[in-house]
Amino acid sequence: MSLNPMMGHVKLAWAADPALVHNDLPAVALVGDRYYRPMWHSPEMADYTGCVMAIDPSGRGSDETGYAIVKILNAQLYLVAAGGLKGGYEDDTLKALANLAKTHQVNHVIIEANFGDGMYTKLITPFFSQVGHKVLVEEVKHSTQKEQRIIDTLEPILSTHKLVVDQRVIEQDFRTAEADIKYSLFYQLTRITRDRGALTHDDRLDALAMAVAYWVEHMSKDVSKAHEVHREKALQEELKRWRQGITGKKDRSRNWMGTNKARRA
């Protein structure tokens, strides 16, 4: 769907209805794959609650520097920008990434740290200051096989329809990869397997997986925190019932505190 750069719908609903198929978008996926519009969305909108930019720096040869910008609202992820840039350490590439971060008001930039031992982070950081955008820049390291990591990250999100893609991302991805479709994010997304080296190019897809993994981790933390709050509340209720059973008086602790407050007053 077309996304607002600063706000998202509070709630969305997905359905595999043929009437919802987006037939006017360029399709580079496998036979039977479709893009779908939302079946329904709430009229209420709210500001996105966070925005992360993931960068997969170019290695050698024909690799791109892949990037993906993903925002979040109510556990729904929104892909607002993605693509690949030729080169990796050139000033033009670094400045273009910094400008993208400013345009989309990115809060946090994460960079694949498997190359250069932190050099890429040191090179790109001054460019954020040059474009006037203050942002946290951090490196992430991966030790698992790339293909398995990407699939294990994206498959649950896609199967539960938690990723909403701006249709402009699909159009731009096709335009920038039309000369060699293997550079396309959505070509990579539908061709990856768990075999090592399954894709000739995976830079754009790897950046998307990094951005999604960032939010999956944060959502897991939020769920764990909510679970702890629930357990603590249940424990307090159980203690209250235990006190009432021992003393035979209702809300004794609260009345005692209220009485002492009155005395102090």
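Which residues does Val-70 touch, not counting residues up to four places away in sequence? Let me answer that straight away. Val-70 touches Gly-50, Cys-51, Val-52, Leu-77, Tyr-78, Leu-79, Leu-208, Ala-211 and Trp-215. Keep Val-70 in mind; we will return to it.

One caution before the tour. What you see is a predicted model.

Now the overview. The protein has 265 residues, and 40% of them are buried. There are seven helices and 10 strands. Take the contacts between residues at least 6 apart in sequence: 69% of these join residues at least 24 apart. The protein exposes about 15400 Å². Carbon and sulfur atoms supply 53% of that area.

Back to Val-70. It belongs to the largest nonpolar core, which has 34 residues. Val-70, Leu-77, Leu-79 and Leu-208 are the members that touch the most other members. Several elements give two or more residues to this core. On the strand side, they are β5, β6, β7 and β10. On the helix side, they are α3, α4, α5 and α6. Which element gives the most to this core? It is α6, with 10 residues. There is also a second, separate core of 27 residues. It includes Leu-12, Phe-127, Phe-128 and Val-164.

Two of those names take us to helix α2, residues 119-130. Phe-127 and Phe-128 are buried there, along with Tyr-120, Thr-121 and Ile-124. Why do these buried residues line one face of the helix? Look down the axis of α2: they fall within an arc of 125 degrees, so they share one face. A general point helps here. An α-helix has 3.6 residues a turn, so residues three or four places apart point the same way. On the other side of α2, Lys-122, Ser-129 and Gln-130 are exposed. What covers the buried residues? The cover includes strands β5, β6, β8 and β9, and helix α1. After α2 comes Gly-132, with a positive phi near 80 degrees.

Helix α4 next. Its buried residues are Gln-167, Val-169, Ile-170, Asp-173 and Ala-177. They cover an arc of only 160 degrees around the axis, which puts them on the same side of α4.

Let me pick out one residue in strand β6: Tyr-67. Is Tyr-67 buried or exposed? It counts as buried because its relative accessibility is 5%, and the cut-off for buried is under 20%. Tyr-67 and Leu-97 are 30 residues apart in sequence. In space, their C-alpha atoms are 8.1 Å apart. Setting aside residues up to four places away in sequence, Tyr-67 touches a long list. Among them are Met-53, Ala-54, Leu-85, Leu-97, Leu-100, Gln-172 and Ala-207.

On to the empty space. Rolling a probe the size of a water molecule over the atoms shows where empty space is left. The largest pocket holds about 1100 Å³. It is lined by 37 residues. Closest to its centre are Arg-34, Tyr-35, Tyr-36, Leu-158 and Leu-163. The elements that give two or more residues to the lining are β2, α3, β10, α4 and α5. The largest share comes from α3, with seven residues.

Now three loop residues. Start with Pro-38, in the loop between β2 and β3. With a relative accessible area of 24%, Pro-38 is partly exposed. Pro-38 and Ala-15 are 23 residues apart along the chain, and their C-alpha atoms are separated by 7.1 Å. Leaving out residues up to four places away in sequence, Pro-38 touches Met-1, Leu-12, Ala-13 and Leu-20. Leu-12 also came up as a member of the second core.

The other two concern backbone angles. Most residues other than glycine have a negative phi. Gln-105 has a positive phi, near 55 degrees. Where is Gln-105? It sits in the loop between α1 and β8. At 42% relative accessibility, Gln-105 counts as partly exposed. His-161 also has a positive phi, about 60 degrees, although it is not a glycine. His-161 is in the loop between α3 and β10. It is partly exposed too, at 33% relative accessibility.

To recap: a core of 34 residues, a separate one of 27, and a pocket of about 1100 Å³. That is the tour.

Methods. Residues numbered from 1 in each chain as written. Predicted model: local features only at pLDDT ≥ 70, side-chain atom pairs only at ≥ 80, totals over all residues. Heavy atoms only, no water. Buried < 20%, exposed > 50% of the residue type's maximum accessible area, 1.4 Å probe, protein only. Helix = DSSP H or I, 4+ residues; strand = E, 2+ residues; numbered from the N terminus. Arc of directions from axis to C-beta. Contact = heavy atoms within 4.5 Å. Areas by Shrake-Rupley, 256 points an atom, 1.4 Å probe, with all protein chains shown as cover. Core = buried A, V, L, I, M, F, W, Y, C linked by side-chain atoms within 4.5 Å. 1 Å grid on protein atoms, 1.4 Å probe; cavity = no way out; pocket = protein on both sides within 12 Å on 5 of 7 lines; lining within 4 Å. Points joined across faces, edges and corners; volume = space filled by probe spheres on them.
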